[in-house]
Amino acid sequence: MQPTASYVNFAYLKSKRSALAVAMDARTQGGCSSQGGAGKSSCGSSDGPEDMPTEIWDKIKNHPCYSEEAHHHFARMHVAVAPACNIQCNYCNRKYDCSNESRPGVVSQKLSPEQAVKKVVAVASEIPQMTVLGIAGPGDSLASPAKTFATFRMLQEQAPDIKLCLSTNGLNLPEMVDEICKYNIDHVTITINMVDPAVGEKIYPWIFWDHRRITGYEASKILHEQQMKGLEMLTTRGVLTKINSVLIPGVNDEHLIEVNKAVKARGAFLHNIMPLISEPEHGTHFGLTGQRGPSAQELKAVQDACMGGANLMRHCRQCRADAVGMLGEDRSDEFTLDKIEAMDVVYDLDKRRQYQEKVETELAAQRQAKADALAAETRQDSTDSLSVLLAVATKGGGRVNEHFGHVTEFQIFEVFANKVHFVGHRRVDQYCQGGYGEDEQLPSVVRAINDCHAVLVAKIGACPRDELKAAGIEPVDSYVDEFIEKAALSWFADYRQRVSTGELEHQPRGDAAIRQGAYTAVA
Ligand code: CLF
Ligand code: SF4
């Protein structure tokens, strides 16, 4: 469904984006640092070891959430050991449990710390590229600190190579910073949706604090103060922090620019602005009261307005609290407790290290090949700021290498005459099912990439080709196996040429829908 009303003031956001970007360009062109973002649109998407201090690179190079590049090669898993929560968010209902559902707060099996560690070791022995264990609920990881830290302690003893990560609403964070540092938890995510309690009142009906339930402005004020204090303390102790913010149209959309500035000032490493998920069937307050999530363009407008502030993460998949595998896939069904009992688990640290070193070597070669390819690409000297969005069908390697019919999520890029930016992912229902195209899926695919001028694919059938053209989206299959950025620049040079000769007229595109609900399992 396309949104019926636009809360997000695009003109205002564009002006904020320009002012911030200019200010940051003037201030620094430096790399990422633990003291906050460095004015880049996406920390991990283009940054490599040469862009940041070694100690930071070592922390993020195989963390799939902190590095866009790493998320194509390394996996994470969550264990659901923290069921309780000490606040209520209007977008959360932890009672909902469906194995096809992918969103935070949802799990199929809650685990004891012992069960959780057993599961992590089993997964790590089967998936050598699984490098990070996160505790992300299904409640708040720091509302059940005994369970959370027992899990980290035991895991550290049994699998010392796995990075530890936790996610929290921040209410109990300041009191837990010592414990976080004691267990070498290098990565902490704080969900911060506001820096003004008047905005917070619309998101948080209550918090549980000092043995009592507090509501209204006071509740959000306490939460805000605890979040800021906790973030500052983590920065001081050298822990990498990521801020998750849920974009709620009409509630905190433009306010997230203030959030971005506030968290950057306190040393946040990354800012992840995510769309609200609010389907009525999830039973959340927002879902039941008709609060909608943002459209793709509304999300992009807010993210773009924050460019120049804290580094932006744009590849989040809003994982379940028991997710297993690469971002964008969920293999938790393969590792249920009964299946783990039947597995022959051998935790071979050397084998894991060798595998990961091999992946890092391949990655470095791929990074170099891409840089060479891009250096060879002729970039247009252009003074105009014309840009368009492209959808790309890829199954990895940074190349255009997937058939249109096999895509379960497109990568979206914004292409200018001489640069290409990663914008995000768009989930779609796979068009080709069992060898045949499902024509009823096509309208939903078109809606998901409706703001794009073209889609780059390895192959596409006649029917989807015609439907895309009818919708004004150009299907392009002439860049098979090329690096995405190189293909995008080359296609856009051709596009501009056709516009300049009058062969076609440049038309702005419409908006696109962010698909909520079930994930289609990655084949
Ligand atoms: Fe998990 Fe979060 Fe750690 Fe990643 S997820 S606790 S930082 S290991 Fe990642 Fe999932 Fe987005 Fe979270 S894609 S929801 S940002
Ligand atoms: Fe749900 Fe997390 Fe909010 Fe608690 S902090 S209510 S678990 S979204």
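Here is a walk through this structure, from model confidence to ligands, sheets, a covered helix and a few backbone oddities.

Start with how far to trust what you see. The model is predicted, and the chain averages a pLDDT of 85, with 84% of the residues scoring at least 70. Two stretches to treat with care are residues 97-102 and residues 518-523. Over residues 97-102 the pLDDT is below 50, though this stretch has 23 contacts in the model beyond near neighbours in sequence. For residues 518-523 the pLDDT also stays under 50, and here the model has 16 contacts beyond four places in sequence.

Now look for the ligands. Ligand 1 has 14 residues around it, and the ones that come nearest are Cys65, His78, Cys165, Cys316 and Cys319. Sort that shell by class and you get seven nonpolar, five polar and two charged residues. Ligand 2 has its own surroundings: Cys85, Ile87, Gln88, Cys89, Tyr91, Cys92, Arg94, Pro138, Gly139 and Asn169. Those divide into six nonpolar, three polar and one charged.

Keep Ile87 in view, since this residue leads on to a sheet. Ile87 stands opposite Ile207 in β6. Strand β6 covers residues 206-209, and two bridges join it to β2, the two strands running antiparallel. Add β7 and you have an open, antiparallel sheet of three strands in the order β2-β6-β7. The edges are β2 (87-88) and β7 (212-215); each has a single partner strand, so one side of each is left without a neighbour in the sheet. Lying across β2, β6 and β7 is helix α8, residues 216-236, which runs at about 105° to β7.

A second open sheet has five strands, ordered β14-β13-β12-β17-β18, and this time the pairing is mixed. At its edges stand β14 (420-427) and β18 (474-476), and because each has a single partner strand, one side of each lacks a neighbour in the sheet. From one strand to the next, the twist averages 25°. Zoom in on β12 (residues 388-392) and β13 (residues 409-415): they run antiparallel and are joined by five bridges. One pairing to find is Ala391 with its bridge partner in β13, Ile412.

For a helix that is mostly covered, go to α11, residues 296-305, where nine of the ten residues are buried. Among the buried ones are Leu299, Val302 and several alanines, but Glu298, Lys300 and Asp304 are buried too.

Finally, the backbone has some quirks. Most residues other than glycine have a negative phi, and most peptide bonds are trans. The bond from Gly137 to Pro138 is cis instead, with omega near 20°. You met Pro138 already, around ligand 2; it is found in the loop between β3 (130-135) and α5 (145-158). Two other residues have a positive phi without being glycine. For Asn184, phi is near 55°, and the residue lies in the loop between α6 (173-182) and β5 (187-191). For Gln318, phi is about 50°, and its place is the loop between β10 (311-313) and β11 (324-325).

Which of these is buried or exposed? Asn184 has 52% relative accessibility, so it counts as exposed. Gln318, with a relative accessible area of 12%, is buried.

Methods. Residues numbered from 1 in each chain as written. Chains lettered and ligands numbered in written order. Predicted model: local features only at pLDDT ≥ 70, side-chain atom pairs only at ≥ 80, totals over all residues. Heavy atoms only, no water. Near = heavy atom within 4 Å. Nonpolar A, V, L, I, M, F, W, Y, C, P; charged D, E, K, R; others polar. Buried < 20%, exposed > 50% of the residue type's maximum accessible area, 1.4 Å probe, protein only. Helix = DSSP H or I, 4+ residues; strand = E, 2+ residues; numbered from the N terminus. Pairing = 2+ DSSP bridges. Contact = heavy atoms within 4.5 Å. Axes fitted to C-alpha atoms, helices over the stretch in contact; angles between N-to-C directions. pLDDT = per-residue confidence, 0-100.
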